Structures are given as C-alpha cells and as structure tokens.
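Opening my notebook for this one. I want to look up strands, helices and a few single residues, one entry at a time.

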Amino acid sequence: MADMKRRDFISFVGGAAATAWPLAARAQQAKRMPKVGILLFAQADLAVIDPFVRGLEALGYVDGKTVSLEYRDAAGSYARVAELADELVRLDPDVIFSFGAGLVASLGRPGGNITGLTYVHDALAGKSVELLKDTVPSVSRVAILWNPNHADPEFRETQRASRALGVELQSLEVREPGDFEGAFQALGRERAEALIVIGSRLIWLHRQRIGDACARHGLILVGVPSWLMEIGALLSYGPNVPDIQRRAATYVDKVLKGARPSDLPMQQPTAFELIINVEVAKKLGLTVPPTVIARADKVIE
C-alpha cells in the first residue's frame, strides 16, 4: 500500500479484531478537526462497528462536529481492501480504522507500527467442544468447518479438546466458495451429529448456506462467532464483540492524542458470552441441562 507508513492505521482482521497504525501521529500539527478513515470489508460491518462509533462519541468525537469519519466499503472483496486503504490514505486522515480487512498477518508480530485488539482467543474453539458435550453428552461424531488460510489456532485447539473428550472429529476444509458444496455432502456421508464452525470472512459470507445445510441434515450447530445464532445454532461462546469495539475507540483516542502505536500492546478479549437457543434445542429434540442454562449470558426462548 503506497505511503501507508505515513499514516496511523487501525484494523480489525479475519474474524478477529486488531488495530494497526503506521507511525506518524500528528498531534503536533496545527489544530483542526481530526479525520478518521473507516475501512469496512462488507456493508454489514456497519452494524458491528456501531459500538466503536458510540465509543468515540462517549470520548467526545462526534462525526461532523468534533471528528470527520470517512467510510469506504470493500463490498466483501479482498482485492478491494488494499485499493481502498490507499484511497483513504490519500484523504490524509489522522487514523484509519479497519474492521475485518485482514491487514494484520500475525498477532504475535503485527509489525512495528501496528497494535490493537483481536477476537482470537486460543481456548475458545476447545470450549465449543466442551459446551457441546455438556449440553448433549451423547454426541460422539462432530464435523468442523474451517478455512486453513485463516491464521488462527482454533482448529488445533478443537482437535485437542476433541481428543480429550473422546469425540471423533471430521475436518471439512473450505478455502474458496466452490468448496462448500463438497463439505456439505461430506456431512451427510460421515453422519456427523454436530457441526462446529470456525469463523472466517469466507465462512461468514456463506453463513446462510451453512445454516441451511445444518437444517437439512438435522445437525447441531455450535461455535465461537455469535452470528451463528442467526443461522440456527444451538449455542455460541465467544468474545463480547461490542466490548472489543468500545475498547478500540479508546485506542483511537490515545493515538489522536499523540500515543505511539508501538507503545500500545496487542490485546485479546477479556469479556466472553455464552448464548443458548432453547427454541432450536426443542426443534432438535434436545433438552438443555439446567446447569448449562445457568451458565448462559443470554438464553433465546
């Protein structure tokens, strides 16, 4: 990306949220209304980042009054992300905020000018297996839908948890849109009882197909992303996304006030939520144990 090192940059990546910023903070420049570029992977991200915008407002940054927010939407195209990032840079913003754009290649080594908050948490995928077994102890054959090109440890952690709990795990890899149909056919052949979904941009874009496939095969659907509940999941356990978004607003505030990105450490989620859909359980002929209900942060009746 041309001249990216001359700008502050925030990014939420790959099913995760991260904040990235090239070096030069401009706190010492002549006073003017700060400008924040916002790079979205898809239009639907507008709803997700609302807590971020509200968080800015709580810190005194109101669009059009005390800050200028410039939006660009990649419309679900990875190829457009770099182009739109360059376009935002040419607008000469103080900070660029990006959600789901995949601009951070590694959480451990994000780059000299990068910091932020990530959705990724090693133990979450393993927790999905544990919660599934707690809810439906008889389950022994589970499929897992994941994208090997998505850099996070969730598949490995799911394998570990499955071995420990005596669950047979069937790997269904999807690297591109054409892989989904074969994965869905394998679900039927292997007679999986449940499907664990590992979130990624590719999988999110095809989420309704996943929900439809689970409905056809009568599968229990669980996983980390909370959006799974929208497509018929029995439960999800993952980061509290609004909390992460609000925390991202505080990072923007710090950089606008002169903080160096390298002084702001990458952070993992600190707040998590268990969501259970009792209505889905009834449709599947299941009864969620009271002990699991008692642990839920949200129960959908």
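Before anything else I note the cut-offs: a residue is buried under 20% relative accessible area, exposed over 50%, and partly exposed in between. I also note that this is a predicted model.

**Entry: I293**

I looked up I293 first. Is I293 buried, exposed or partly exposed? Its relative accessible area is 29%, so I wrote down partly exposed. I found I293 in helix 11, which covers residues 290-293. Leaving out residues up to four places away in sequence, I293 touches I276, V278, V288 and V299. I also checked L274, which is 19 residues from I293 along the chain; their C-alpha atoms are separated by 9.4 Å.

**Entry: R247**

Next I picked an arginine, R247, in helix 9 (residues 241-256). Its relative accessibility is 16%, so R247 counts as buried. Which residues does R247 contact, neighbours within four places in sequence aside? I got L117, Q267, Q268, P269 and T270.

**Entry: strand 2**

Then I went to strand 2, residues 35-40. Five of its six residues are buried, so the rest of the structure largely encloses this strand. I reminded myself that strands of a sheet pair through backbone hydrogen bonds, either parallel or antiparallel. Strand 2 pairs with strand 3 (residues 68-73) in the parallel sense, over six bridges. Strand 2 also runs parallel to strand 4 (residues 95-99), with five bridges joining them. G37 shows both pairings: its bridge partner in strand 3 is E70, and in strand 4 it stands opposite I96.

**Entry: the seven-stranded sheet**

I traced an open sheet of seven strands, in the order 6-5-7-8-9-10-11, with mixed pairing. Which strands are at the edges? They are strand 6 (168-173) and strand 11 (298-300), each pairing on one side only. From one strand to the next, the twist averages 20°. Helix 5 packs on this sheet and touches strand 5 (141-146), strand 6 and strand 7. The direction of helix 5 makes about 160° with that of strand 6. Inside the sheet, strand 7 (residues 194-197) and strand 8 (residues 220-223) pair in parallel over four bridges.

**Entry: helix 5**

I wanted a proper look at helix 5, residues 154-165. Its twelve residues reach 16 Å from first C-alpha to last, close to the 16 Å expected at 1.5 Å a residue. The buried ones are E154, F155, E157, T158, A161 and S162. Looking down the helix axis, these buried residues fall within an arc of 160°, so they line one face of the helix. Turned away from that buried side are the exposed residues R163 and A164. Right after helix 5 comes G166, with a positive phi near 70°.

**Entry: V197 and the cores**

Last, I followed V197. Its bridge partner in strand 8 is G223. Not counting residues up to four places away in sequence, V197 touches a list of residues including L145, I203, I210, L221 and W227. How many residues are in the largest nonpolar core? There are 36, and L145, L195, V197 and I210 have the most contacts inside it. Helix 3 (78-90), strand 5, helix 6 (180-190), strand 7, helix 7 (201-205) and helix 8 (207-217) each supply at least two residues of this core. Apart from it I noted another core, of 28 residues, among them L124, V129, I144 and I220.

Terms used. Residues numbered from 1 in each chain as written. Predicted model: local features only at pLDDT ≥ 70, side-chain atom pairs only at ≥ 80, totals over all residues. Heavy atoms only, no water. Buried < 20%, exposed > 50% of the residue type's maximum accessible area, 1.4 Å probe, protein only. Pairing = 2+ DSSP bridges. Expected span 1.5 Å × (residues − 1). Arc of directions from axis to C-beta. Axes fitted to C-alpha atoms, helices over the stretch in contact; angles between N-to-C directions. Contact = heavy atoms within 4.5 Å. Core = buried A, V, L, I, M, F, W, Y, C linked by side-chain atoms within 4.5 Å.
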